[in-house]
Amino acid sequence: MVLYHRRPPQLPSQSSPHLALPSPCTHVPGGRAGHLRPTSSLSSCLTPNLPSYLLQDSVRRYLQLPADQTVLILHAKVAQKSYGNEKRFFCPPPCVYLSGPGWKLKQEDLGEAGFRVCGYMGLDSMGSSLMETQKLSFEEQPDAKGFSCAKALYISDTDKRKHFRLVLKLFFSNGQEIGTFHSKLIKVISKPSQKKQSLKNTDLCISSGSKVSLFNRLRSQTVSTRYLSVEGGAFIASARQWAAFTLHLADERCSRSEFPLREGYIRYGSVVQLVCTATGVTLPPLIIRKVMKQYAMLDVDEPISQLHKCAFQLQGSDRMYLCLSTDKVIQFQASPCPKEANRELLNDGSCWTIISTETVEYTFSESLACVREPVSPVPLIAALQLTGGGDVAMLEVQGEYFHAHLKVWFGDVEAETMYRSPKSLVCVVPDVSAFGSDWRWLRYPITVPLLLIRDDGLIYSSSFTFTYTPEQSCIPRQQVLSDVPQDSDKLLDSIHQEFTRTNFHLFMQT
């Protein structure tokens, strides 16, 4: 609990630490797969700082009508290594979506000829100057999202890393660079584990609430791969696009309309819910079964592992399973096994491969700034840590890809910011008086969005907000006023501050 403070204290003078940033790259043509060479990093060549009053006015216009540009990368959490001359392409393939009204504004700014978005994706290069990449061609979706996927990426046995990241480079067709974006860490595995999983090896287990992808290959042929997806509010089997589903561990007595969720790792025989992360469309409660040689095993309760074959039985049904038929998702009735009661015979379309997925989203807005440099590195906020109280409150912003050219803004109010490291920024919480002239008699919470703004006016929005919440004392203000002469304004302010306090609350909107 801290008092409202009128004047934020000055941060101690301190020189900014050396700024170390991921090196942007430039494309060198080379047929189907090109190479990326490091170029200059973000430098002091940013446009001079905008006058504070102009920047504040721009931020206010942005908050009234946000014009964000979002780059969304979807990818699997694990990748199977290729051996010898084989190429085990990542499945599902990494996908990129471009969304937000800012892309249309950029199109109007550049004109049709220069706007088309191009891209290259590849594995991070481990410090090497060259990196094999795959060209991406973006096509517009019915929902106005740009979409592309990298279907021919793989990791060979000569690469000894246990983890790696994908690197995405985007630019406009007129040659203007947009930026460089990274995926989350991907774990390398040699092949799907066939032995019973132990919860000690949590890297390969799948927990409740995590995101997964499901795909099917008829007769184990790569060309026949179909992914469970959602289109027009219906579940489909798509050869082109895949959807991420949140896999919830549900109560055995749940219904489709209401199901209590549980924590823990998913085991075979559990009742689960599959919820599309993009649309919220949900399948009925399902019992997840292990598949061995096209049989659903009814008595297996071990933890589920990455790239396992599994089947989904509709809860309460007579051996009905989730199945694909060409591009449609249907129900299939399994046949009982006469010799073994704990097995049921499935068809190819009822056998799914399950894998955990990751999503990383980069959002920025250059609609109000004259941006000459690439938008990357785009900072990602992961957590907030509030410290201090009384006359000063400090907020630590934790995340990735921070640099010394960033300032923290509370709504349209700039905070005094100090750069600590690529994963930490520290700022002084602005005084509540900056958000209104009647702050002394505040009776309601004030919630403001948290933004990061680069020196040249480039705005990075976040899903975090900051709330000033007043907490009134047991002595009503009327009593305080009646006990003090009306002409003693300074004394009134002092007494009222003594009994008007505030709590700071940090929220992340989901």
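**Exercise 1. Find the residue that lies over the face of Tyr295, and give its distance from the ring centre.**

Solution. Start at the ring of Tyr295. Arg343 lies over its face, at 5.6 Å from the ring centre. The test for a charge over a ring is NZ of Lys or CZ of Arg within 6 Å of the ring centre and within 35 degrees of the ring normal.

This is a predicted model, in which local features need pLDDT of at least 70, side-chain atom pairs count only at pLDDT 80 or more, and totals for chains, interfaces and linings use all residues. Residues are numbered from 1 along each chain as its sequence is written, and side-chain values use heavy atoms, with hydrogens and water left out.

**Exercise 2. Place Asn347: which strands flank its loop, and what does Asn347 touch?**

Solution.
- Step 1, location. Asn347 sits in the loop between strand E27 (343-345) and strand E28 (352-364). Strands (E, at least two residues) and helices (H or I, at least four) are DSSP runs, numbered from the N terminus.
- Step 2, exposure. Asn347 has a relative accessible area of 23%, so it is partly exposed. Buried means under 20%, exposed over 50%, and partly exposed in between (1.4 Å probe, protein chains only).
- Step 3, neighbours. Leaving out residues up to four places away in sequence, Asn347 touches Gln294, Cys323 and Phe332. A contact means heavy atoms within 4.5 Å.
- Step 4, distance. Gln294 is 53 residues from Asn347 along the chain, yet their C-alpha atoms are separated by 6.8 Å.
- Step 5, polar contact. The side chains of Asn347 and Ser350 make one at 2.6 Å. The term covers N or O atoms within 3.5 Å; within protein, one must be able to donate a hydrogen and the other to accept it, and residues adjacent in sequence count only if both atoms are side-chain atoms.

**Exercise 3. Why is strand E20 described as largely enclosed? Which strands pair with it?**

Solution.
- Step 1. Strand E20 covers residues 271-276. Of its 6 residues, 6 are buried, so the rest of the structure largely encloses it.
- Step 2. In a regular strand the side chains alternate between the two faces of the sheet. In E20, Val271, Gln273 and Val275 point one way, and Val272, Leu274 and Cys276 the other.
- Step 3. Strand E18 (residues 245-250) pairs with E20 in the antiparallel sense over 5 bridges. Strand E21 (residues 286-292) also pairs with E20 in the antiparallel sense, over 2 bridges. Pairing requires at least two DSSP bridges.
- Step 4. Take Val272. Leu249 stands opposite Val272, and in E21 its bridge partner is Leu286.

**Exercise 4. How many aromatic pairs does a search of the whole structure find? Classify two of them.**

Solution.
- Step 1. The search finds 15. Rings of Phe, Tyr and Trp (its six-membered ring) pair if their centres lie within 6.5 Å; planes under 30 degrees apart count as stacked, over 60 as edge-to-face and the rest as tilted.
- Step 2. Phe115 and Phe172 have ring centres 5.7 Å apart and planes at 35 degrees, so this pair is tilted. Phe115 is in helix H3 (residues 112-115) and Phe172 in strand E12 (residues 166-172), 57 residues apart. Both are buried.
- Step 3. Phe466 and Tyr468 have ring centres 5.2 Å apart and planes at 70 degrees, so this pair is edge-to-face. Phe466 is buried at 0% relative accessibility, and Tyr468 is buried at 0% too.
- Step 4. Ring pairs also build a cluster, with Phe115, Phe172 and Phe181 among its members.
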